[in-house]
Amino acid sequence: MKETILIQHATVICEGHPLNGKVADIYIEAGKIRAVGEDLTYTGPRYDATGKYVSPGFIDAHVHCYHGKTAIGISPDDIGVRYGVTTLIDAGTSGADTLQDFKENIIDNAVTRVLVLLNVATSGLLTLNELADPEAINAMRIREALEQYGPLIVGLKARASSSVLGTMGITPIQRAAELAQLNDLPLVVHIGNAPPDIETVVDSIPEKGIITHMYHNKPNGLFTESGSPKLQTSDARQRQVKFDVGHGSSSFSFEIAEKAIRAGFEPDMISSDLYDKNRQHPVRSLVRVMNKLLASGMSVDDCIACVTTNVKANLNLKDRGDLSLGALGDLTIFELEKGTFEWEDSVGDKRMGTIKIKPVLTVLGGTEYQIDNGGL
Ligand SMILES: [Zn+2]
């Protein structure tokens, strides 16, 4: 029977779980996690994961999978279950005016689960200067979308770079912050070229805010030349603002990441910012981005937390992201391969890693999906 399976003898990696680091079995019945323990017995379908690792299903918290109608997008199943990712969070490709189409034509037809950060611009990314129009944000339309699509929407998204904002300055970001607080949702803010300057952007980000593209190497970054966080950056972390990688076409630099990690500023979340044009190069898959963070000095456990338990906590996901009983039966089973692996960032710099996270099986709602190694 599909949706029911026993995963046996896997080393569990799940921050905060009593069996974290131990070899255990996970039983999924009718699509939900029903038991996690040592030596569970079940005579139905089993997967022997001896020598392998298991974690909650990986969640990519920043992708663009509204394929077809927007300026950017990629089909969810091209970057999801095939690559060990069970949930994709679309970061603002749709807005209140386009969410229905996105849901009915893409999300509902995908095997991979998709959640949405709703763009505060009602048109989403139909154009790429979505906040340059003073009429772009419509609080009433956002409210209606939240009422209609409730659990699908896990937060709001706004992009704070000059090409997006036109002559509007910081105003749309401040408006987005107000709306996020009013609706009690996290606000994810993309950072990039000035104006507005990074200090103004960071100071506008509310409690429960998340900054994406943290390790870009354009001017107007979050860190000083030496890699220590700027004053506003550490203030933001103090008030619980979270930081996300959001690799993308031009937003991940090994040099910036390594210096920041050495200075103690690790990410809270690791995401790919995948869409059609960066899929072949330089992003390819979430797990590839995770491996670049390993090569930048992070531990395996921290990398896994950044795509599971941390995403759960920061985006307030109730039904996934850990191994709670009753949670969705989503798991990623992977190996840790030792060797020498070359990775390239988004500015053409290369680094060698000595360990690689290599997904071998995706379990989604208790059903097995084979992995396409093209993601690595
Ligand atoms: Zn993006």
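Here are some questions and answers on a sheet and a few helices in this predicted model. Residues count from 1 along each chain as its sequence is written, and local features need pLDDT of at least 70.

Q: Why does one side of β6 and of β12 lack a neighbour in the sheet?
A: The open sheet has 7 strands in the order β6-β7-β8-β9-β10-β11-β12, paired in parallel. Strands are DSSP runs of E, at least two residues, and helices are runs of H or I, at least four; two strands pair if DSSP finds at least two bridges between them. β6 (58–63) and β12 (242–244) each have one side free because they stand at the edges, each with a single partner strand.

Q: Which residue of β7 is the bridge partner of F58?
A: β6 pairs with β7 (residues 85–95) in the parallel sense, over 4 bridges. In β7, the partner of F58 is V85.

Q: What angle does the direction of α5 make with that of β9?
A: Angles run from 0 to 180 degrees between N-to-C directions, with axes fitted to C-alpha atoms, for helices over the stretch in contact (heavy atoms within 4.5 Å). Helix α5 (residues 171–182) packs on the sheet, touching β9 and β10 (187–191). Its direction and that of β9 make about 165°.

Q: How many of the 10 residues of α9 are buried?
A: Buried means under 20% relative accessible area, with a 1.4 Å probe and protein chains only. The buried residues of α9 (286–295) include R288 and K292, and they pack against β6, β7 and α8 (254–262), among others. Helix α9 is mostly covered, and the buried count is 9.

Conventions:
This is a predicted model: local features need pLDDT of at least 70, side-chain atom pairs count only at pLDDT 80 or more; totals for chains, interfaces and linings use all residues. Side-chain values use heavy atoms; hydrogens and water are left out. Buried means under 20% relative accessible area, exposed over 50%, partly exposed in between (1.4 Å probe, protein chains only).
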